[in-house]
Amino acid sequence: MEGLVLSRINPIHATRKQYHSRLVPAFSLFLSKNFTKTPVLFMKGHRSFNSVVASVQHLDASGLGHFDNTLPSKVILQIWRSADAVCFDVDSTVCLDEGIDELAEFCGAGKAVADWTARAMGGSVPFEEALAARLSLFKPSLPQVQEFLETRPPKISPGINELVKKLKAKNTNVYLISGGFRQMINPVASILGIPPENIFANQLLFGSSGEFVGFDVNEPTSRSGGKATAVQKIRKVHGYKALVMIGDGATDLEARKPGGADLFICYGGVQLREAVAVKADWLVFNFADLINSLE
């Protein structure tokens, strides 16, 4: 996204029992007229952040006998180990929560927005409809978003930092593809050492006084099938031979299609969405399983 600047900081090692720090974001503003008739403000740049790697109780796969995809086949393992690109969902995958739900709760509309999120992630309503409906319930202003980021650092999933480092050590390119908002994802990418050009996410738009005016509908991830479009674009541009998508929702599953992801790994360590999990090539509940399987 033009005008966005991502500063880098040293990656932080994630553990289940420790908390790490990321400095509080500071933002500068600039005007843009690219998307609406009203001048639009973006948040530009940040200094550093307070990162929290939260402890989480992983779901136990042993009690889920009706899933037959918790043990990968040799073919699945071969694709995983040979992938030259891996794309991660962010909410309830790289992070332990749904960013829009957390922002809505901060703004006083948590329950109503969370209900919409559950419907969207389960695939029962078009994503673009759910996104617009959720934002209309609380219309976050720029000052509210800034305060949220300053006071509520993202909760990074245990093991994700190690997994990303392991993939990068194998010269595997890592991407973040999210229906969430770039303002909230940029800090996570900095911690994981993922460059801004490897982020595909939505963009909140604000008016000249910082009031909420909408979101950028030109972002592919703002609509159903958008993650699949992003993955197909990534593959076409870079010519990857094997590409893997990892996430928890219906929009992540959609990325597995011709010209897109060869493999969809469902991460059920935070939210287990059964309609998605049963269709996954591989269902995992702990990133350690993916780390160990690379060896």
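This is a short dialogue on reading salt bridges and one helix in a predicted model.

Trainee: Where do I start with charged side chains?

Mentor: Side chains of opposite charge can pair when their charged atoms come close. Here the cut-off is 4 Å between a Lys or Arg side-chain nitrogen and a carboxyl oxygen of Asp or Glu.

Trainee: How many salt bridges does that rule give?

Mentor: The count is 10.

Trainee: Which residue meets K227 in a salt bridge?

Mentor: D89 does, at 2.9 Å from N to O. The two residues are 138 apart and link distant parts of the chain. K227 sits in helix α9, residues 226-238. D89 sits in the loop between β4 (85-88) and α2 (90-94).

Trainee: Are those two residues buried or exposed?

Mentor: K227 is buried, with a relative accessible area of 6%. D89 is buried too, at 3%.

Trainee: What does R182 pair with?

Mentor: Its partner is E219, with an N to O distance of 3.9 Å. This pair also links distant parts of the chain, 37 residues apart. R182 belongs to helix α8 (residues 182-192), while E219 lies in the loop between β9 (212-215) and α9. R182 is buried at 5% relative accessible area, and E219 is buried at 10%.

Trainee: Which residue forms a salt bridge with D248?

Mentor: R273, with the closest N and O atoms 2.7 Å apart. D248 is in the loop between β10 (243-247) and α10 (250-253), and R273 is in the loop between β11 (263-267) and α11 (274-277), so the pair ties together parts 25 residues apart in sequence. Both D248 and R273 are buried.

Trainee: Which residues are joined into one network by salt bridges that share partners?

Mentor: D89, K227 and D252.

Trainee: Now helices. How do I read a buried side?

Mentor: Use the periodicity. An α-helix has 3.6 residues a turn, so residues three or four places apart point the same way. Then list the buried residues.

Trainee: Which residues of helix α1 are buried?

Mentor: In α1, residues 74-82, they are I76, L77 and W80. These residues lie on the same side of α1 because they cover an arc of only 95° around the axis.

Trainee: What does the face turned away from that buried side carry?

Mentor: The exposed residues K74, V75 and Q78.

Trainee: And what covers the buried residues of α1?

Mentor: The cover includes the strands β4, β10, β11 and β12 (282-284). It also includes helices α7 (160-169) and α12 (287-293).

Notes
Residues numbered from 1 in each chain as written. Predicted model: local features only at pLDDT ≥ 70, side-chain atom pairs only at ≥ 80, totals over all residues. Heavy atoms only, no water. Helix = DSSP H or I, 4+ residues; strand = E, 2+ residues; numbered from the N terminus. Buried < 20%, exposed > 50% of the residue type's maximum accessible area, 1.4 Å probe, protein only. Arc of directions from axis to C-beta. Contact = heavy atoms within 4.5 Å.
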